[in-house]
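User: I have a protein model open and would like to learn how to read its features. Can we go through them one at a time?

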Amino acid sequence: MAFEVTRVRSCYPALVDGYAYLDGAAGTQVPRSVIDAISGAYEAGIGNDGGAFPASERSTAMTAACRAAVADLVGGEPDGVVLGPNMTTLTYRMAAVLADSWREGDEVIVSRLDHDANVRPWVQAARRAGAVVRWAEPDPATGELPAEQYSELVSDRTRLVAVTAASNIIGTRPDVPAITALARAAGALSFVDGVHATPHGPVDVRALGADFYATSAYKWSGPHVGAVIAAPGLLETLRPDKLVPSPDDVPERFELGTPPFADQAGVAAAVDHLAGLDPAATGSRRERVLASMAAAHEHEQRLFGVLLGGLDEMRHVTMYGKAANRTATAYFTVAGMTPWQVAAHLASRKINVWSGDNYAWELTGVLGIRDSGSAVRAGLVHYNDRSEVDRLLEAVAALG
Ligand SMILES: Cc1ncc(COP(=O)(O)O)c(C=O)c1O
């Protein structure tokens, strides 16, 4: 069945303002159901958790529902879902606790394909522990991250391999299962950044072989809440810094202070929304999520083909990245203009795109464009449609 993008768009109040929201890779809009869940949580009366009265019980239930929803989205277990403000904060938290056991001469592998949030926390933790950092290199010509190089990089001193499930600028989806298998065979843990990958298709943390998988709800129609998913048994083995009276259970042990309960209700509503993207999907929420995200992926890739085909034909446009397997994320420059000027021109035509390194600091260095303002990023998500792609192509063509 064709993806019902018109119906999907009608769920998002913000999409009626005449702008083409091609900035989804930096954060998506939220559907009415998410807005209602958040405001409904406040309207019903909110309390801190752990109390003897109904408002408190409602908050406790919101956290539980949030964990269950994130687990359904990525194929994890609710007790393995650590919640926090965003991926960056959670990754620093995990780096601190994992590095506690690193010793001088241990090794950590990061990649230059990654967003800096899956690089710097590990590099800085390694420096403090006296561990060695080894770098996986993307191919600048194709944007691929060859998995074979990990056979050379991994050793019996490797403690952690951090790698992205998709580049947030050029979309490359590396062969994560191959990389995590090499890490596991060497006795190392893997930390997979799923922030950019999660909104673009079905996710199964077990199939990825990820010991830790990070995601952020604001990239998939939810509010600003992050999560790291791991096996509860693995979390049990770790002892993060925490307050004495705060819960010592897993996953609460990793969570600091009072959480945003209403936003957590919004996260659960966002997963319900994603599960309904394909109205023909049936079964458990997990099954509906898998079917719906597969349908969203197909829709995005179809549009992406049109976008890439159009940009490729423009002689004044240079494209970056052509990995065989990538998300619907285009990264390009326009001759004679800075990326910021291009983004400003498009904004004047009510088209939202990003310009700059988008924190893919190492990758923009590898591509040799960091010092010139990097490039323009136009990304597609499930609510984008053909008319938005056509508007972008027309506006970029006019710059030639
Ligand atoms: C691939 C990727 N990783 C990590 C991050 C950081 O996520 P957060 O804003 O949740 O810290 C982003 C944000 O854009 C991202 O795209």
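Analyst: We will take pockets, a helix pair and a sheet in turn. Keep in mind that this is a predicted model.

User: How big is the largest pocket, and which residues are closest to its centre?

Analyst: Start with volume, then look at the lining. Here the largest pocket has a volume of about 670 Å³. It is lined by 28 residues, and those closest to the centre are E252, E255, L256, G257 and P259.

User: Which elements give two or more residues to that lining?

Analyst: They are α3 (54-74), β2 (81-84) and α4 (87-99). The most comes from α3, which gives four residues.

User: How does the lining of the largest pocket divide by class?

Analyst: It has 13 nonpolar, nine polar and six charged residues.

User: What can be said of the second largest pocket?

Analyst: Read it by the same steps. Its volume is about 460 Å³. The lining holds 26 residues, with H115, Y218, K219, N358 and Y359 nearest the centre. Two or more lining residues come from each of α4, α5 (120-129) and β12 (354-356). By class, the lining of the second largest pocket has 11 nonpolar, 10 polar and five charged residues.

User: Now the helices. Are α11 and α14 roughly parallel or roughly antiparallel?

Analyst: Look at the angle between the axes. For α11 (residues 285-312) and α14 (residues 386-397), the axes come within 10 Å and cross at roughly 10 degrees. Angles under 35 degrees count as roughly parallel, so α11 is roughly parallel to α14.

User: Which residues of α11 and α14 meet?

Analyst: From α11 there are L303, V306, L307, G310 and L311; from α14 there are R386, V389, D390, L392, L393 and V396. By class, this contact has eight nonpolar residues, one polar and two charged.

User: What is the strand order in the open sheet of four strands?

Analyst: Read across the sheet from one edge to the other. The order is β9-β10-β13-β12, and the pairing is antiparallel. β9 (317-319) and β12 are the edge strands, and each has a single partner, so one side of each has no neighbour in the sheet. From one strand to the next the twist averages 35 degrees.

User: How many bridges join β12 and β13?

Analyst: Three bridges, in the antiparallel sense, pair β12 with β13 (residues 375-379). In one of the pairings, G356 has A375 in β13 as its bridge partner.

User: Which strands does helix α12 lie across?

Analyst: Helix α12 (residues 339-348) lies across β10 (329-334), β12 and β13. Its direction is at about 170 degrees to β12.

Note on methods. Residues numbered from 1 in each chain as written. Predicted model: local features only at pLDDT ≥ 70, side-chain atom pairs only at ≥ 80, totals over all residues. Heavy atoms only, no water. 1 Å grid on protein atoms, 1.4 Å probe; cavity = no way out; pocket = protein on both sides within 12 Å on 5 of 7 lines; lining within 4 Å. Points joined across faces, edges and corners; volume = space filled by probe spheres on them. Nonpolar A, V, L, I, M, F, W, Y, C, P; charged D, E, K, R; others polar. Axes fitted to C-alpha atoms, helices over the stretch in contact; angles between N-to-C directions. Parallel < 35°, antiparallel > 145°, perpendicular 65-115°, else oblique. Contact = heavy atoms within 4.5 Å. Pairing = 2+ DSSP bridges.
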